[in-house]
Amino acid sequence: ARAGRRDGAEVVIAALFVEKNGVYSTIPGCDVWDIERDARTYAGPHRVIAHPPCQRWGRYWSGGPSARVRRVKGDDDGCFASALASVKRWGGVLEHPEASHAWRAFDIVAPPKSGGWITAGLHHPGAWTCCVEQGHYGHPARKATWLFYVGDVAPFDLTWGPCTGKRRLDEGFHSSTERVARRPLSAPVKRLTNEQRLATPRAFALELISLASGFATTEATVSA
């Protein structure tokens, strides 16, 4: 079992800040770092795929208009900083929601919504960033996502552009009143559960494994 092979050697991927029984636990060759293992302590040596928590970095980092307690932007106990350091040190890819405030906080260049890799700045060699929608890979919503990649080869193209036929994961409403006002003639859209929102489609996880590994990975390769 392996996540892929490169130059005849087995490639193992460390999946950081992921669910214990999530999609990466079903893919041979993935070393899963869930909350119990504390991915902030990861010390190599494998390339990584990092999904640091995004609650304090997204559009509703404050908890939303109905929050009783005011949160602090970026207050994630150092998870994003640790994930970024791991990707820069060992190579791999970090995933966060589109428009994540972490990009500006850590001086990463914001990628264009239309897609395509651009240099990520940071004066770090081999660092790239892009925007891609997970709806192309099986997510029930469009789920626009920003990626940060570091590798010794340029990243390959993903499926760029908007995923037609699916709604946005976060439509940007700030209240129920605004939702009604902006969609007065449309039927209510069934909201996804938190588990559905956060889930990474298997096809997208395999694509991230390909990126982190630095070469093309297929379902057959991963399952072999």
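This is a tour of one predicted model, stop by stop, with what to select and what is there.

Because the model is predicted, local features need pLDDT of at least 70 and side-chain atom pairs count only at pLDDT 80 or more, while totals for chains, interfaces and linings use all residues. Residues are numbered from 1 along each chain as its sequence is written, and side-chain values use heavy atoms, with hydrogens and water left out.

**The whole chain**

Start with the protein chain in cartoon view. Its secondary structure comes to six helices and nine strands; helices (H or I, at least four residues) and strands (E, at least two) are DSSP runs, numbered from the N terminus. Of the 224 residues, 45% count as buried. Buried means under 20% relative accessible area, exposed over 50%, and partly exposed in between, with a 1.4 Å probe and protein chains only. Switch on the surface: the chain exposes about 11600 Å², of which carbon and sulfur atoms supply 53%. That area comes from the Shrake-Rupley method with a 1.4 Å probe. Among contacts with a separation of 6 or more, 61% are between residues 24 or more positions apart; a contact means heavy atoms within 4.5 Å.

**Asp 31 and its surroundings**

Select Asp 31, which is in strand β4 (residues 30–33). Asp 31 is partly exposed, because its relative accessibility is 24%. Now add Ala 14: it is 17 residues from Asp 31 along the chain, yet the two C-alpha atoms are separated by 4.6 Å. Leaving aside neighbours within four places in sequence, Asp 31 is in contact with Val 12, Ile 13, Ala 14, Ala 15 and Arg 37.

Show side chains next. Asp 31 has a side-chain polar contact of 3.0 Å with Trp 33 and another of 2.8 Å with Arg 37. A polar contact is a pair of N or O atoms within 3.5 Å; within protein, one must be able to donate a hydrogen and the other to accept it, and residues adjacent in sequence count only if both atoms are side-chain atoms. Arg 37 also meets Trp 33: the charged end of Arg 37 sits over the ring of Trp 33, 3.9 Å from its centre. A charge sits over a ring if NZ of Lys or CZ of Arg is within 6 Å of the ring centre and within 35 degrees of the ring normal.

**Aromatic pairs**

A search of the whole structure finds seven aromatic pairs. In the pair of Trp 33 and Tyr 42, the ring centres are 5.3 Å apart and the planes are at 85°, so the pair is edge-to-face. Rings of Phe, Tyr and Trp (its six-membered ring) pair if their centres lie within 6.5 Å; planes under 30 degrees apart count as stacked, over 60 as edge-to-face and the rest as tilted. Both Trp 33 and Tyr 42 are buried.

Move on to Phe 80 and Phe 106. Their ring centres are 5.1 Å apart with planes at 40°, so this pair is tilted. The pair links distant parts of the chain, 26 residues apart: Phe 80 is in helix α1 (residues 79–90), and Phe 106 is in the loop between α2 (101–105) and β7 (118–119). Phe 80 is buried at 0% relative accessibility, whereas Phe 106 is partly exposed at 26%. Add Trp 103 and Trp 146 to the selection: ring pairs link them with Phe 80 and Phe 106 into a cluster.

**Helix α1**

Select α1 as a whole. At 1.5 Å a residue its twelve residues should span 16 Å, and the end C-alpha atoms are 16 Å apart, which agrees; the expected span is 1.5 Å times one less than the number of residues. The buried residues of α1 include Cys 79, Ser 82, Leu 84 and Val 87. Which elements do the buried residues of α1 pack against? They are β3 (13–16), β5 (48–50), β6 (92–97), α2 and β9 (144–150). Arg 89 lies over the face of Trp 90, at 3.9 Å from the ring centre. Gly 91 follows α1 and has a positive phi, near 90°.

**Backbone exceptions**

Most residues other than glycine have a negative phi, and most peptide bonds are trans. Select Gly 44 and Pro 45: a cis peptide bond joins them, with omega about 5°. Pro 45 is in the loop between β4 and β5. Asp 77, not a glycine, has a positive phi of about 60°. Asp 77 lies in the loop between β5 and α1 and is exposed at 58% relative accessibility.
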